[in-house]
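This briefing goes through a two-chain model by topic. It begins with one cysteine and its surroundings, then turns to the backbone and to each chain as a whole.

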Amino acid sequence: MYRILSKKILNETVQLMEIEAPYIARRCEPGQFVILRVDENGERIPLTIADYDRERKTVTIIYQIVGYSTKKLSQKEAGDTIQDIAGPLGKPSELKKHKRVLGIGGGVGAAPLYPQIKKLSEMGVNVDVILGGRTKEYVILEDKFREICQNVYIATDDGSRGHRGLVTDVLTKLIEEGKEYDEVIAIGPLVMMKAVCAITREYHIPTSVSLNPIMIDGTGMCGGCRVTVGGKIKFACVDGPDFDGHLVDFEECMRRQRMYKEEEHVCLIGLEG
Amino acid sequence: MPNMSLKKVPMPEQDSKIRTKNFSEVALGYTEEQAVEEALRCLQCKHKPCVKGCPVNVPIPEFIKEIAAGEFKKAYEIIVRENRLPAICGRVCPQESQCEGNCVRGIKGEPVGIGRLERFAADYYMKNVKNDVKEVEKNGKRVAVVGAGPAGLTCAGELAKMGYEVTIFEALHTPGGVLMYGIPEFRLPKALVEREIENIRKLGVKIETNVLVGRSITIDELFEEGYQAVFIGSGAGLPKFMGIEGENLNGVYAANEFLTRSNLMKAYDFPNSPTPIKVGKNVAVIGGGNVAMDAARTAKRLGAENVYIVYRRSEEEMPARLEEIHHAKEEGIQMKLLTNPVRILGKEGWVTGMECIEMELGEPDASGRRRPVPKAGSEFILPVETVIIAIGQTPNPLIRQTTEGLDTHSWGGIIVKEETMETSKENVYAGGDVVTGAATVILAMGAGKKAAKAIHERLNK
């Protein structure tokens with residue numbers, strides 16, 4: 001059992017939890033994730049580590065309430081416990097000592113982006129980020145990014161904050177204005193990462209993405225999370241979750257992610273009814 | 001007066017029509033009367049060939065004698081001197097190629113049902129005897145065990161009996177390894193596995209779940225934490241794929257994923273259990289081992305109408321246990337033998353069929369088995385919506401990638417000295433599937449036991 005030390009509501013559907021998990025806090029690095037099970041009969045769900053504190057022996061997760069398990073998780077409060085949290089899983093991000101890097105975080109994707117950008121800034125890299133959301137409420141962690149980035153650009157679908165439109169509009173504008181980036185790190189919905197890669201490919205900017213396929217064990221024993229990268233089968237849980245975005249078969253990822261669409265629906269109704 | 005019947009006392013089983021609708025155990029076990037009757041078939045030979053066939057050397061005639069005398073509790077106590085998990089072994093060991101394969105009664109007629117009797121004694125004890133384990137005096141030495149499968153559990157249990165402080169580190173949320181995620185409920189009830197593991201905990205063994213050695217902690221760090229020896233029993237859990245077209249279509253599973261969803265996550269009870277599983281009307285399972293049989297029989301129970309085993313050799317070469325092949329056939333699983341998949345076909349991203357080619361047996365290959373050769377022009381399409389790949393597993397690379405000085409084979413298995421299970425790294429031992437590649441539960445237990453003995457000798461030098 002793992003104790004929840006604090007909980008914060010970031011917006012209508014996104015919440016943050018700091019959880020006591022000594023094994024994970026001791027060794028985890030940016031880019032890695034955990035698998036958790038909310039209660040005894042729960043399913044195993046992967047969540048990227050959004051922050052960690054080695055001294056307090058805690059990890060922070062930020063999750064969006066999208067289905068059965070995240071809803072159950074959201075019903076827990078500080079002081080409660082969750083059944084299982086395993087990790088750190090996956091390969092740490094390969095962060096290079098570039099001159100300038102652009103991070104792009106779509107919605108809750110800003111959470112896994114944060115530890116990578118924070119580490120880069122600690123390494124002395126100049127970092128800019130673009131954060132996107134449906135409305136201004138869906139843009140998260142803006143203040144935390146402002147502490148470590150030179151420029152923080154915002155894009156919202158309805159224009160309630162920053163640019164009205166998509167993160168990719170801002171990306172194109174920055175490149176056309178002559179901003180030079182050695183690498184782009186994009187994390188968010190698959191459609192967003194795909195769209196970002198289409199642009200950066202054109203401009204030959206290396207781009208790293210973090211994939212979030214369906215997972216069960218997260219340790220490399222089932223292959224449920226397999227993705228095609230550069231024509232080869234990779235397991236996102238052990239070979240990733242970070243990959244070269246220009247080599248990822250995004251169409252396949254999106255198709256595989258929809259595999260249990262109907263079943264997810266049944267489960268969600270079960271919880272509410 | 002021995003019972004000279006040529007046949008084993010039959011074991012009651014669930015009817016095949018009823019059992020394909022549920023996940024309850026198929027084989028129901030002997031009654032006390034049936035057990036005594038079967039025990040009386042044992043001739044109590046002096047040279048005990050059966051014991052030599054058992055990888056953990058259970059004193060077979062000794063315990064059977066007690067069953068014949070109605071001393072069921074004594075029978076159990078004799079077994080557990082050598083085997084910590086008898087309720088499991090009695091159910092899943094391939095006895096035909098081990099103890100029972102050597103039984104004298106098998107020369108003319110059927111061998112003594114040793115597995116069934118072992119199972120009976122274990123079940124009887126669990127049901128009727130309050131189990132209190134004597135506290136063992138601790139010797140102050142600490143050993144870490146990586147993986148809570150049959151090899152790790154056995155090694156830990158043996159060491160605890162000798163007074164060691166043992167901690168098992170398990171990556172999943174539940175200990176048991178393949179006993180929990182791989183072998184289905186209808187062959188090995190999970191409540192029973194939990195009770196056997198509870199018995200090992202009672203010996204003082206600590207089990208830390210959710211710790212993935214190689215990521216959460218490394219082998220070297222275990223020594224820094226004060227462990228004086230490490231046993232690696234992390235198994236062979238990395239699934240093989242075939243590398244054919246269409247393998248990433250929706251509806252294609254590795255058997256490990258399919259079985260983990262169903263067994264460990266109880267997807268068969270969806271939506272009461274939130275983990276989903278998808279099974280079409282027509283299912284192809286590729287492979288001929290126990291894992292393939294388990295996956296096929298699980299698919300049937302999840303409602304598939306036609307389940308095919310697609311295997312490239314003939315039935316004679318199938319590595320699965322005879323009993324499992326027999327049960328699968330009884331349950332209506334269709335065998336497509338001498339058949340190999342060529343590619344998986346799909347529409348809008350979902351599996352619609354599998355193109356196969358017929359095979360014939362050619363010259364023997366390196367393994368001594370006749371090599372299957374494709375018959376030109378014999379391609380045909382098997383219409384299926386689900387494909388489950390069960391062509392084998394290899395060890396997970398994580399431990400070898402994160403442990404310096406640990407020698408491994410090119411296929412990933414850890415290299416050990418056969419007599420002691422010692423690896424190339426000092427005070428690190430390994431056993432089970434991580435050494436042999438996917439094998440059997442009992443061989444893993446035998447290796448765990450041998451390593452425990454070697455660790456004890458080493459730490460007392």
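Apart from neighbours within four places in sequence, A:Cys222 is in contact with two residues listed from chain A, A:Ile216 and A:Asp217, and with B:Pro239, B:Ala254, B:Asn256 and B:Glu257 from chain B. The model is a predicted one. In the UniProt record, an unreviewed entry, A:Cys222 carries the feature "binding site" along with A:Cys225 and A:Cys237.

**The annotated cysteines of chain A**

- The three positions span 16 residues in sequence, yet no two of their C-alpha atoms are more than 10.0 Å apart, so the cysteines gather at one spot.
- A:Cys222 sits in the loop that runs between strand E13 (207–210) and strand E14 (226–229) of chain A.
- With a relative accessible area of 3%, A:Cys222 is buried, because buried means under 20%.
- A:Cys225 is also placed in the loop between E13 and E14 of chain A.
- The relative accessibility of A:Cys225 is 4%, and this residue too counts as buried.
- When neighbours within four places in sequence are left aside, the contacts of A:Cys225 include A:Cys237, another of the annotated positions.
- A:Cys225 is further in contact with A:Pro213, A:Ile214 and A:Met215, as well as with A:Lys234, A:Phe235 and A:Ala236.

**Cis peptide bonds in chain A**

- Most peptide bonds are trans.
- A:Gly87 and A:Pro88 are joined by a cis peptide bond, with omega about -5°.
- A:Pro88 belongs to strand E7, which covers residues 84–89 of chain A.
- The bond from A:Gly240 to A:Pro241 is cis as well, and its omega is near 10°.
- A:Pro241 falls in the loop between helix H7 (236–239) and strand E16 (242–244) of chain A.

**Positive phi values in chain B**

- Most residues other than glycine have a negative phi.
- B:Lys48 has a positive phi, near 40°.
- In chain B, the loop between helix H2 (32–39) and helix H3 (49–52) holds B:Lys48.
- B:Lys48 counts as partly exposed, at 36% relative accessibility.
- For B:Asn57, phi is also positive, at a value near 55°.
- B:Asn57 is located in the loop between H3 and helix H4 (60–68) of chain B.
- The relative accessibility of B:Asn57 is 41%, and the residue counts as partly exposed.

**The annotated domain of chain B**

- An unreviewed UniProt entry lists residues 19–128 of chain B under "domain: Dihydroprymidine dehydrogenase".
- Across residues 19–128 of chain B, 50% of the chain is helix and 0% is strand.
- The end C-alpha atoms of residues 19–128 of chain B are 27 Å apart.

**Chain A as a whole**

- Chain A has nine helices and 16 strands.
- Its radius of gyration is 18 Å, close to the 19 Å from the globule rule for 273 residues, so chain A is as compact as a globular protein of that length.
- Taken along the principal axes, the C-alpha atoms of chain A fill a box of roughly 55 × 40 × 35 Å.
- Buried residues make up 56% of the 273 residues of chain A.
- Of the contacts in chain A between residues at least 6 apart in sequence, 65% link residues at least 24 apart.
- Chain A has an accessible surface of about 11700 Å², and 48% of this area belongs to carbon and sulfur atoms.
- Chain A has 37 positive and 40 negative charges, and the mean positions of the two sets are 2 Å apart.

**Chain B as a whole**

- Chain B has 17 helices and 16 strands.
- The radius of gyration of chain B is 23 Å, close to the 23 Å given by the globule rule for 461 residues, so chain B is as compact as a globular protein of that length.
- A box of roughly 65 × 60 × 50 Å along the principal axes is filled by the C-alpha atoms of chain B.
- Of the 461 residues in chain B, 60% count as buried.
- Among chain B contacts between residues at least 6 apart in sequence, 69% connect residues at least 24 apart.
- The accessible surface of chain B is about 18800 Å², with 50% of it belonging to carbon and sulfur atoms.
- The mean positions of the 60 positive and 61 negative charges of chain B lie 3 Å apart.

Note on methods:
Residues numbered from 1 in each chain as written. Chains lettered and ligands numbered in written order. Predicted model: local features only at pLDDT ≥ 70, side-chain atom pairs only at ≥ 80, totals over all residues. Heavy atoms only, no water. UniProt positions renumbered as here; feature names shortened; annotations may be inferred. Helix = DSSP H or I, 4+ residues; strand = E, 2+ residues; numbered from the N terminus. Rg over C-alpha atoms; globule rule 2.2 N^0.38 Å. Buried < 20%, exposed > 50% of the residue type's maximum accessible area, 1.4 Å probe, protein only. Contact = heavy atoms within 4.5 Å. Areas by Shrake-Rupley, 256 points an atom, 1.4 Å probe, with all protein chains shown as cover. Lys, Arg positive; Asp, Glu negative; His and termini not counted. Charge placed at Lys NZ, Arg CZ, Asp CG, Glu CD.
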